[in-house]
Amino acid sequence: VVSGSTALAVEPLTIRAGDSPEPIHIVLAEGAIVDGVVNRHGKPVNAWVYAVAEDIEPKSDFREFQPVLSDEDGKFHMQGLAPGSYLFFASDIELSLNVHDSAETAHWRSRGKILRVEPGKTTDLVLVVAEPPEEP
């Protein structure tokens, strides 16, 4: 999202009296889709599924997605993912996770799967529920 040379995801658009701002341009792309199943001990389960973009830049990248809850058969569907690589993982509990903090994502990174998704394509994924880290 830009207006002239101003990247609106990074800085605000300031318009002063008498200014004639550049038009705002929003570029949309066809999103990727991920369909999958969550298992525990080889059996489908209901769990929260997360997608964390691998190449997030803290102030300019807004590829954060709300987790989706798989159904009772463990099936889940995510759509509208921007092209790129993502860490996918599943948890029994809904997490409040700062995806910009590598310390918070390290536990999940070692228990998830990293996949590259492409626009307009569906990727199939099987995840195993990961136990949350133990509290110190």
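User: Which residues form the nonpolar patch on the surface, and about how much accessible area do they have together?
Analyst: In this predicted model, local features need pLDDT of at least 70 and side-chain atom pairs count only at pLDDT 80 or more, while totals for chains, interfaces and linings use all residues. Residues are numbered from 1 along each chain as its sequence is written, and side-chain values use heavy atoms, with hydrogens and water left out. A patch takes residues with over 30% relative accessible area and no salt bridge (a side-chain nitrogen of Lys or Arg within 4 Å of a carboxyl oxygen of Asp or Glu), joining nonpolar side chains (Val, Leu, Ile, Met, Phe, Trp, Tyr) within 5 Å and like charges within 9 Å; areas follow the Shrake-Rupley method with a 1.4 Å probe, and for residues only the protein chains shown count as cover. The patch consists of Val1, Leu13, Ile15, Ile24, Ile26 and Leu28, with about 610 Å² together.

User: Which strands stand at the edges of the open sheet formed by three strands?
Analyst: Strands are DSSP runs (E, at least two residues), numbered from the N terminus, and two of them pair if DSSP finds at least two bridges between them. The sheet has the order β2-β1-β3 with antiparallel pairing. Each edge strand has a single partner, so one side of each is left without a neighbour in the sheet; these strands are β2 (6-7) and β3 (24-25).

User: Which residue in β2 does Ser3 stand opposite?
Analyst: β1 and β2 run antiparallel and are joined by two bridges. Opposite Ser3 stands Thr6.

User: Is Ser70 buried or exposed?
Analyst: Ser70 lies in the loop between β7 (68-69) and β8 (75-81). Buried means under 20% relative accessible area, exposed over 50%, and partly exposed in between (1.4 Å probe, protein chains only). Because its relative accessible area is 2%, Ser70 is buried.

User: Which backbone nitrogen does the side chain of Ser70 reach, and at what distance?
Analyst: Leaving aside neighbours within four places in sequence, Ser70 is in contact (heavy atoms within 4.5 Å) with Val38, Val45, Asn46, Ala47, Lys75 and Phe76. Asn46 is 24 residues apart from Ser70 in sequence and 5.2 Å apart in space, C-alpha to C-alpha. The backbone nitrogen reached by the Ser70 side chain is that of Ala47, at 2.8 Å.

User: How many of the eight residues of strand β9 are buried?
Analyst: β9 pairs in the antiparallel sense with β6 (residues 48-53) over six bridges and with β10 (residues 113-117) over five bridges. With β11 (residues 122-130), β9 pairs in the parallel sense over two bridges. Strand β9 (residues 84-91) is largely enclosed by the rest of the structure, because the number of its residues that are buried is seven.

Definitions and conventions: Helices (H or I, at least four residues) and strands (E, at least two) are DSSP runs, numbered from the N terminus. A polar contact is a pair of N or O atoms within 3.5 Å; within protein, one must be able to donate a hydrogen and the other to accept it, and residues adjacent in sequence count only if both atoms are side-chain atoms.
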